[in-house]
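Here is a short tour of a protein chain for you to follow at the bench or on screen. Please have a look at the sequence and the fold before reading on.

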Amino acid sequence: MDDLTTEQRHVNMSHIQSKNTKPEMIVRKYLFSKGFRYRVNDKRYPGHPDIVLPKYKTVIFINGCFWHQHPNCKYASIPKTNKEYWIPKLQKNVERDKLNYKKLSKLGWNVIVIWECELKKMDNIKVLQQTLYKICGK
Ligand SMILES: [Zn+2]
């Protein structure tokens with residue numbers, strides 16, 4: 001029997017979610033430590049980028065490998081069952097991504113995509129440093 005009240009469950013859930021292990025948090029913390037200031041969850045832009053750096057006219061997407069189909073990534077493999085459901089669904093995501101990146105580029109934004117698996121690695125500092133370089137050339 002699960003005797004947690006809804007309230008308690010909510011507290012537990014928010015505790016779990018507030019752990020700073022979320023991929024976006026790794027990137028945000030890193031950028032913040034380097035003195036960058038950014039906006040998050042800004043819905044004004046195509047595709048709703050995870051991080052917006054207005055000063056550098058840069059947007060960052062932190063993409064889940066499965067949902068956004070990271071090419072040649074082991075986390076992006078399509079489930080063997082229900083392929084006729086998954087393939088068009090995932091393909092649609094990829095097409096939508098491409099279209100959003102194109103729209104953003106046309107509006108003059110520098111678009112950076114970081115894959116979740118790159119952040120899970122122990123040496124994720126490399127991808128963070130590369131990101132920094134893409135933002136400001138340093
Ligand atoms: Zn991946």
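## The end of the last helix

Let's start near the C terminus: Gly137, which comes just after helix H5, takes a positive phi of about 70 degrees. Please keep in mind that this is a predicted model.

Helix H5 itself covers residues 125-136. Its 12 residues should span 16 Å at 1.5 Å a residue, and its end C-alpha atoms lie 17 Å apart, which agrees.

## Two sides of H5

Which residues of H5 are buried? They are Leu128, Thr131 and Ile135. Seen down the axis of H5, these buried residues fall within an arc of 55 degrees, so they line one face of the helix. The spacing has a simple background: an α-helix has 3.6 residues a turn, so residues three or four places apart point the same way.

On the other side of H5, Lys126 and Tyr133 are exposed. The buried residues of H5 are covered by elements including H2, E2, E3 and E4.

## The sheet

Those strands belong to an open sheet of 4 strands, in the order E1-E2-E3-E4 and with mixed pairing. Strand E1 (39-40) and strand E4 (110-115) are the edge strands, each pairing on one side only. As a reminder, strands of a sheet pair through backbone hydrogen bonds, either parallel or antiparallel.

How do E3 and E4 run, parallel or antiparallel? Strand E3 (residues 58-63) and E4 run parallel, joined by 6 bridges. To find one pair in the structure, look for Ile62, whose bridge partner in E4 is Ile114. Helix H2 (residues 23-33) packs on the sheet, where it touches E1, strand E2 (51-53), E3 and E4. The direction of H2 makes about 145 degrees with that of E3.

## The loop after H2

Lys34 sits in the loop between H2 and E1. With 14 other C-beta atoms within 10 Å, Lys34 is partly exposed, because a residue counts as buried at 20 or more and as exposed at 12 or fewer.

Lys34 also brings us back to H5: its C-alpha atom is separated by 8.9 Å from that of Leu132, although the two are 98 residues apart along the chain.

## The whole chain

Stepping back, the protein chain has 5 helices and 4 strands, and from the N terminus on its elements run α-α-β-β-β-α-β-α-α. Of its 138 residues, 16% are buried. Among contacts with a separation of 6 or more, 55% are between residues 24 or more positions apart.

Key. Residues numbered from 1 in each chain as written. Predicted model: local features only at pLDDT ≥ 70, side-chain atom pairs only at ≥ 80, totals over all residues. Helix = DSSP H or I, 4+ residues; strand = E, 2+ residues; numbered from the N terminus. Contact = placed C-beta atoms within 7 Å. Pairing = 2+ DSSP bridges. Axes fitted to C-alpha atoms, helices over the stretch in contact; angles between N-to-C directions. Expected span 1.5 Å × (residues − 1). Arc of directions from axis to C-beta.
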